[in-house]
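Please open the model in your viewer and keep a selection panel at hand. The tour below moves from one selection to the next.

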Amino acid sequence: MKPIYFPFTFLSENVFKKIRTFFPQTILFQPTTDRMAEHIEKAANEGLLEIRTPVTGDEKKLERALREYGVWIEQHKGSKSAFFETGLFHGGVAESIPMYSDVSTSQIKSDIKRGGRPHQPQKPDPLFAARLFLLLAQNFDIQNEQLKEDMQNLQRLENNLFSNMRGEDEFAESHAKEPDAFILEDAGLHKTVQRLAAWLKIFEHDPVAPDKNGSGLFITCSRAVLEHIMEICPDYQLVLSTGNISAQNQTFEKILEFQNILKENLTRLSREQTENNLIPFPKMDNTGNGFSTLKIFCFTQKSPFALFKESLKKSDDIFKNANFSKFRKTFIGLVDDV
């Protein structure tokens, strides 16, 4: 099972490093072919990421809409990041995009002067709206990551300043604070349902085939996303936990051995779904920092269609793709900091 990262289309370098500890290659979906971070493009060229863009076209229209929406947000809230704080997108993804659903006052006055009926806005294409939403969410996630880096750099400068003022040893013992000690907000807390809806909308146009046992593996670094699905779909089981792993100070051979055992264990879970037949993971070097853990949850006889549809409370005829019927079990993995 090749892991599919969801429901985000942006993968920070830090998160990507953690995922690479567990998987040699990960699938990442994109809403457009025109926007890709440099480190993501580099990883794709090296074969570490498989980029899938199921829906293409209208790239210029998307860019124009993105700019217009940025202007709209600036006028109403003063910041592009305020997108997630407005009342927009509270419903489905396609229902309320300002530049498509709002009717300008001038247009209404013009229609009335001509004696005609006020212009009725055309309902936006749900797929286009989903792609636009993912682009807006992607911009938010990039800004959030940049803020994280700025905070870390500021903390380093503060640490160095106090070290020089008080002496390295004295400060290190009582006041030192590592930059990664910041508790950063989970981006999945913002518009969780809408993120899932938009992501699934493009995923259904190019669903990755399950393995030969009918299983699929989806991974996320968002506790909020996982908890949302668990709350709506409580029929799940924790089937695998790797324990605390750090990629630092590990040899290539040790990481490769670990990944091969993880792959074999996932194959056994897909085939038999029992923890009794799993291979123990090798003993890893516990020195260094940046520890992560991978927990795998199994939703028995839940395809991505059934699982995400149920969590989104969609009717049965919303997503129509025969490939979803091939899934018998869905595994969701959480890559988390320790």
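Begin by selecting Phe-29 and Phe-203, both of which are buried in this predicted model. With the two side chains shown as sticks, you will find an aromatic pair in edge-to-face arrangement, with 5.4 Å from centre to centre and 75° between the planes. Colouring by secondary structure then helps to place the partners: Phe-29 belongs to strand S2 (residues 26–29) and Phe-203 to helix H8 (residues 192–203), so this pair ties together parts that are 174 residues apart in sequence.

Stay on helix H8 and select Trp-199 next, together with Phe-218 in strand S4 (residues 215–220); their pair links distant parts of the chain, 19 residues apart. These rings, too, form an edge-to-face aromatic pair, at 6.2 Å centre to centre and with 80° between the planes. Are the two partners buried or exposed? Trp-199 has 0% relative accessibility and therefore counts as buried, and Phe-218 likewise counts as buried because its relative accessibility is 0%.

Now add Phe-6 to the selection and keep the earlier residues visible, since ring pairs link Phe-6, Phe-29, Trp-199, Phe-203 and Phe-218 into a cluster. For the wider context, the structure holds twelve aromatic pairs, among them the Phe-29 and Phe-203 pair and the Trp-199 and Phe-218 pair visited above.

For the last stop, clear the selection and pick Lys-61 with Phe-128. What sits over the ring of Phe-128? The charged end of Lys-61 is placed there, 4.7 Å from the centre of the ring.

Definitions and conventions:
Residues numbered from 1 in each chain as written. Predicted model: local features only at pLDDT ≥ 70, side-chain atom pairs only at ≥ 80, totals over all residues. Heavy atoms only, no water. Phe/Tyr/Trp six-rings, centres within 6.5 Å; stacked < 30°, edge-to-face > 60°. Helix = DSSP H or I, 4+ residues; strand = E, 2+ residues; numbered from the N terminus. Buried < 20%, exposed > 50% of the residue type's maximum accessible area, 1.4 Å probe, protein only. Lys NZ or Arg CZ within 6 Å of the ring centre and 35° of its normal.
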